[in-house]
Amino acid sequence: MENAKKGELVIVGTGISVAGQMTLATKSHIENADIVFMGIMNKVGEHAVRKLNANSISLDDLYEEGKSRALTYKQMTDRIVQAVIDGQKVCAAFYGHAGVFVTPSHDAINQVRELGYSATMLPGVSAEDCLIADLGIDPSKFGCQSYEATQFLFRDYRIDPHMTQIIWQIGLVGEASLSVLDATHNRPGLALLTEILLEHYPDDHELIIYEAPTLPISEPVIQKVTLSNLINAETTLVSTLVIPSLGLPAYRQDRLSKLGLTEQQVVSFRNPTSITEGN
């Protein structure tokens, strides 16, 4: 029984551009693992991990066209958890941040902990981190709302057009079966998404379709389209839609007064017009 408890799990994120975005802690865990399972979207990234640990195994063999990704994710989870049960020091390395759009990472951690083993997750550079840097967006300026594209269509969300909107995976928008592995079937979803957005934005509102670079030598894909032309946009499985804010909402005067403030005071505090010379 004592031997059965020696297994442990560390989930790491390798960054989007794997070779250049792995943290020192992530590299250390990969190097010191008995086995590494990889969920990385390109061979260059897999090669970077294998250079750190030769016993690195890709999970990509579990993907199949026409097969539900829900089943694939369960099989990934089972493979990771079983290695821990077998007494191995397991590292599962997923590209980007391992906790963002990675179902097997969360499921594996939960199952391993329920079985009484150690399981932790380390942060990594996510697609959102790359987006903020490449597009020069500060999420705190207008606020930010973030959704998965198909869930956004299917659920009764409330958009605040004063906030920046980030809609992930528009290449699969409207795809309900979880069995499609390309972005060639999303026109009906894009049409419905456009219809929803037109309830909140003018048809000439400029949107951004973004893809983070996956190699250190690559450039980000930044495609600007008007809302009216969104349905004709070229997308991939990793395309993200960014909808810029319409601008900040008006101040709530009743709230300011409860704090003994006026709008003029707040504006002056946040936008000083001069600095006393010598201070």
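**Exercise 1. A central strand and its partners**

Which residue stands opposite Ile 243 in S10? Use this pair to begin placing strand S10 in its sheet.

Solution. The model is a predicted one.

Step 1. Gln 165 stands opposite Ile 243 in S10. Strand S7 covers residues 164–168 and is joined to S10 by 4 bridges, the two strands running antiparallel.

Step 2. Strand S8, residues 206–211, is also antiparallel to S10, with 3 bridges joining them. Ile 209 stands opposite Leu 241 in S10, and Ile 208 stands opposite Val 242.

Step 3. Within strand S10 (residues 240–243), Thr 240 and Val 242 point one way, while Leu 241 and Ile 243 point the other way. All of these residues are buried.

**Exercise 2. The whole sheet**

State the order of the strands in the open sheet of 5 strands, and find which strands stand at the edges.

Solution.

Step 1. The order is S6-S7-S10-S8-S9, and the pairing is mixed.

Step 2. Strand S6 (144–148) and strand S9 (221–226) each have a single partner strand, so one side of each has no neighbour in the sheet. These are the edge strands.

Step 3. On average, and ignoring direction, neighbouring strands of this sheet are turned by 20° against each other.

Step 4. S8 is joined to S9 by 6 bridges, and the two run antiparallel. Glu 211 has Val 221 in S9 as its bridge partner.

Step 5. Of the 6 residues of S8, 5 are buried, so the strand is largely enclosed by the rest of the structure.

Step 6. Helix H6 (residues 127–135) lies across S7, S8, S9 and S10. The helix runs at about 125° to S8.

**Exercise 3. Helix H4**

Check the span of helix H4 (residues 69–85) against 1.5 Å a residue, then work out where its buried residues lie around the axis.

Solution.

Step 1. The 17 residues of H4 should span 24 Å at that rise. The C-alpha atoms at its ends are 24 Å apart, which agrees.

Step 2. The buried residues of H4 are Arg 69, Thr 72, Met 76, Thr 77, Ile 80, Val 81, Ala 83 and Val 84. Seen down the axis of H4, they fall within an arc of 165°, so they line one face of the helix.

Step 3. A general rule helps in reading such a list: an α-helix has 3.6 residues a turn, so residues three or four places apart point the same way.

Step 4. The buried residues of H4 pack against strand S1 (8–13), strand S2 (35–39), strand S4 (89–94) and helix H5 (103–114).

Step 5. Now look at the two ends. At the start of H4, a side-chain oxygen of Ser 68 comes to within 3.1 Å of the backbone nitrogen of Ala 70. H4 is followed by Gly 87, which has a positive phi, near 95°.

**Exercise 4. Positive phi outside glycine**

Where are Phe 101 and Leu 178, and how is each classed by accessibility?

Solution.

Step 1. Phe 101 is in the loop between S4 and H5. Its phi is near 60°, a positive value in a residue other than glycine. Phe 101 counts as partly exposed because its relative accessibility is 45%, between the limits of 20% and 50%.

Step 2. Leu 178 is in the loop between S7 and helix H9 (187–197). Phi of Leu 178 is also positive, near 60°. With 33% relative accessibility, Leu 178 counts as partly exposed.

**Exercise 5. Two residues and their contacts**

Are Glu 46 and Ala 98 buried or exposed, and which residues does each touch? Leave out residues up to four places away in sequence.

Solution.

Step 1. Glu 46 belongs to helix H3 (residues 43–52). Its relative accessible area is 2%, so Glu 46 is buried. Glu 46 touches Met 38, Ile 40, Ser 58 and Asp 60, with those sequence neighbours left out.

Step 2. Ala 98 is found in the loop between S4 and H5. Its relative accessible area is 0%, so Ala 98 is buried.

Step 3. With the sequence neighbours again left out, Ala 98 touches Ile 11, Val 12, Gly 13, Ser 105 and Met 121.

Step 4. Ala 98 and Gly 39 are 59 residues apart along the chain, and their C-alpha atoms are separated by 9.3 Å.

Conventions. Residues are numbered from 1 along each chain as its sequence is written. This is a predicted model: local features need pLDDT of at least 70, side-chain atom pairs count only at pLDDT 80 or more; totals for chains, interfaces and linings use all residues. Side-chain values use heavy atoms; hydrogens and water are left out. Buried means under 20% relative accessible area, exposed over 50%, partly exposed in between (1.4 Å probe, protein chains only). Two strands pair if DSSP finds at least two bridges between them. The expected span of a helix is 1.5 Å times one less than its number of residues. The arc is that of the directions from the helix axis to the C-beta atoms. Contact means heavy atoms within 4.5 Å. A polar contact is a pair of N or O atoms within 3.5 Å; within protein, one must be able to donate a hydrogen and the other to accept it, and residues adjacent in sequence count only if both atoms are side-chain atoms. Axes are lines fitted to C-alpha atoms, for helices over the stretch in contact, and angles run from 0 to 180 degrees between N-to-C directions.
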